[in-house]
Amino acid sequence: MAFEIKNLDKLCIHTITTKPLGFEQACEKYAALGAKGISIWRDSVAGLDPGTVRSCLQKNDLSPVSYVRGGFFPSLDPKLRAEAIEDNVLMLQEAAEMEIPMLVLVCGAEPAQALQTSRNQIKQGIESILPRARDLQVKLAIEPLHPMYADTRSAITSLKQANDLAEYFQDDCLGVAVDVYHLWFDEDLEQQIRRCGKNKKLFAFHLCDWKVPTMDMLNDRGLMGEGCIPLKQIRGWLEEAGFQGFHEVEIFSHSYWKEDQDVFLDKVVHAYLEHS
């Protein structure tokens, strides 16, 4: 059974959750709520000097949790595969300069080739960037996605596949991000979370909910408690497996992006405390 959440010490908010806000404004608002962590999407800090980002985090007493998102390794074109690797190395450098400890990998897929071919290219891509990740001391978290995204977003569509890939490299720098939106339905989820914990591969935990009905498979995620995901049960499994990290709220939602973001953030806090 999950521990009761009594404060916001483990609350982390992804900047994509409040997409209309600029980075510095988001930092100020997250801190004012009492959140202690922030996961930073690359576009939210585009054009900002790394020192400006670090200063903003320090001023607002926010711990950077992850940098989102690397990956997208597969392609029919060898040149594009090489460019993807170069861009991931650049993201690792950016993360290190901003003192963000982890890069999340949305691994990618190519619909014109077999899934196994894409998975092999993902493995090759990770192998190519791992040495740089170790040098910079930035962890890599493989995020398996819902199978509905297997066409273009990720050929890694289960926690088992992510575990297999992470364990293949036997590297402390490489682990897994567990996002409830992508994994809640998996009958093997509890066992695979245990496997993750046993092998010290539980790097990240992402929260939102699955609305019923979902009107947009990408941009209609729900606040915790307004859908059908057994959030507390899944969190309990992670805690039993040894996870002690941040709870990262990651909500893509056209409807919530249209709202007053102060009102929305108040809803995030209530939903986190009551339903996560």
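**Close-up A. Bridge partners His 206 and Glu 248 in the predicted model**. The bridge partner of His 206 in β8 is Glu 248. Strands β7 (residues 202-207) and β8 (residues 247-249) are paired in the parallel sense, over two bridges.

**Close-up B. The barrel of eight strands**. The barrel closes in the order β1-β2-β3-β4-β5-β6-β7-β8, with parallel pairing. From one strand to the next, the twist averages 30°.

**Close-up C. Helix α4 across three strands**. Residues 115-136 form α4, which lies across β4 (102-106), β5 (139-142) and β6 (174-179). The helix runs at about 150° to β5.

**Close-up D. The start of helix α10**. A side-chain oxygen of Asp 260 comes within 2.8 Å of the backbone nitrogen of Asp 262. Helix α10 comprises 15 residues (residues 261-275), for which a rise of 1.5 Å a residue predicts a span of 21 Å. The C-alpha atoms at its ends lie 20 Å apart, in agreement with that expectation.

**Close-up E. The buried face of helix α10**. The buried residues of α10 are Gln 261, Phe 264, Leu 265, Val 268, Val 269, Ala 271 and Tyr 272. Viewed down the helix axis, the buried residues fall within an arc of 165° and therefore line one face of α10. An α-helix has 3.6 residues a turn, so residues three or four places apart point the same way.

**Close-up F. Packing partners of helix α10**. The elements against which the buried residues of α10 pack are β1 (11-14), α1 (23-33), β7, β8 and α9 (254-258). Of these, β7 and β8 are the paired strands of the first view.

How values were computed
Residues are numbered from 1 along each chain as its sequence is written. This is a predicted model: local features need pLDDT of at least 70, side-chain atom pairs count only at pLDDT 80 or more; totals for chains, interfaces and linings use all residues. Side-chain values use heavy atoms; hydrogens and water are left out. Two strands pair if DSSP finds at least two bridges between them. Helices (H or I, at least four residues) and strands (E, at least two) are DSSP runs, numbered from the N terminus. Axes are lines fitted to C-alpha atoms, for helices over the stretch in contact, and angles run from 0 to 180 degrees between N-to-C directions. Contact means heavy atoms within 4.5 Å. The expected span of a helix is 1.5 Å times one less than its number of residues. Buried means under 20% relative accessible area, exposed over 50%, partly exposed in between (1.4 Å probe, protein chains only). The arc is that of the directions from the helix axis to the C-beta atoms. A polar contact is a pair of N or O atoms within 3.5 Å; within protein, one must be able to donate a hydrogen and the other to accept it, and residues adjacent in sequence count only if both atoms are side-chain atoms.
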